[in-house]
Amino acid sequence: MHEIIAPHPATLPLDDLISQCKSRRQRRSGPGGQHRNKVETAVVYTHIPTGVSAMASERRVQEENRKQALFRLRVRLALEVRCAACCKPTVYWNERVQAQRITISKHHNDFPAMLSEALDHIEQEQGDLQGFADLVGCSKSQLVKFFKLDPNALQCVNDLRRQHGHHTLR
């Protein structure tokens, strides 16, 4: 787990995040014939300050793999990097919580930023979800549903909770 000062890298504008990354292209592996073996369409991004990296190779077009690799990098940064939590929710949460419900898909561009913010707060609260739920105006069960969108996120929360003597979430 990496700890850095705010702003969290998962919340940075894409151009700023890319400026902190090293990228490389490579050939995709596996079945797919001659095209797959000759063209470097796979993309790997490594965030230099933290060493966190992510790749994408499932598309035939390099630009699509680049977008997917950047999104995966933002999610991995959200899961692996902790920052000091702010005392009020950001615009991401203000826009996505209505009537105590969180409305977002795990593929939405705001998901990594929201995930990083939630995990930062929960670590600061020593694994307790209620403080962050109250802060953003939703229930604990809505937060659990949010973390279940990505199994690695739920695992991260449960690891935090276990460290501080709380029961794990299902």
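Colour the model by secondary structure to start with: this predicted structure contains eight helices and seven strands. If you then display the molecular surface, the accessible area comes to about 9300 Å², and 48% of that area belongs to carbon and sulfur atoms. Of the 170 residues of the protein, 42% count as buried. For a sense of how the chain is connected, consider the contacts between residues at least 6 apart in sequence, of which 59% join residues at least 24 apart.

Next come the charged pairs. Side chains of opposite charge can pair when their charged atoms come close. In this model the count comes to seven salt bridges, and three stops on the tour show different settings.

Select R82 and D120 and draw the distance between their side chains: the two form a salt bridge whose closest N and O atoms are 2.7 Å apart. R82 belongs to strand β5 (residues 81-82) and D120 to helix α5 (residues 111-124), so this pair ties together parts of the chain that are 38 residues apart in sequence. With the surface switched on, are these two residues buried or exposed? Both R82 and D120 are buried.

Move now to R72 and E58, which form a salt bridge with 2.6 Å between the closest N and O atoms. Here the pair links distant parts of the chain, since R72 sits in helix α3 (residues 62-80) while E58 lies in the loop between β4 (53-56) and α3, with their positions 14 residues apart in sequence. R72, at 29% relative accessibility, counts as partly exposed, and E58 also counts as partly exposed, with a value of 39%.

The third stop is R162 with D159, whose side chains meet in a salt bridge at 2.9 Å from N to O. Both residues lie in helix α8, three residues apart, which is about one turn of the helix. R162 counts as partly exposed at 47% relative accessibility, and D159 counts as partly exposed at 30%.

Finally, select R101, K145, K148 and R170 together and return to the surface view: where they gather, they make a patch of positive charge on the surface. To find one member of this group, follow the chain past α8 (151-163), because R170 lies in the segment after that helix. How exposed is R170? R170 has a relative accessible area of 80% and is therefore classed as exposed, the cut-off being over 50%.

Terms used:
Residues numbered from 1 in each chain as written. Predicted model: local features only at pLDDT ≥ 70, side-chain atom pairs only at ≥ 80, totals over all residues. Heavy atoms only, no water. Patch = residues over 30% accessible without salt bridge, like charges linked within 9 Å, V, L, I, M, F, W, Y side chains within 5 Å. Areas by Shrake-Rupley, 256 points an atom, 1.4 Å probe, with all protein chains shown as cover. Salt bridge = Lys/Arg side-chain N within 4 Å of Asp/Glu carboxyl O. Lys, Arg positive; Asp, Glu negative; His and termini not counted. Charge placed at Lys NZ, Arg CZ, Asp CG, Glu CD. Helix = DSSP H or I, 4+ residues; strand = E, 2+ residues; numbered from the N terminus. Buried < 20%, exposed > 50% of the residue type's maximum accessible area, 1.4 Å probe, protein only. Contact = heavy atoms within 4.5 Å.
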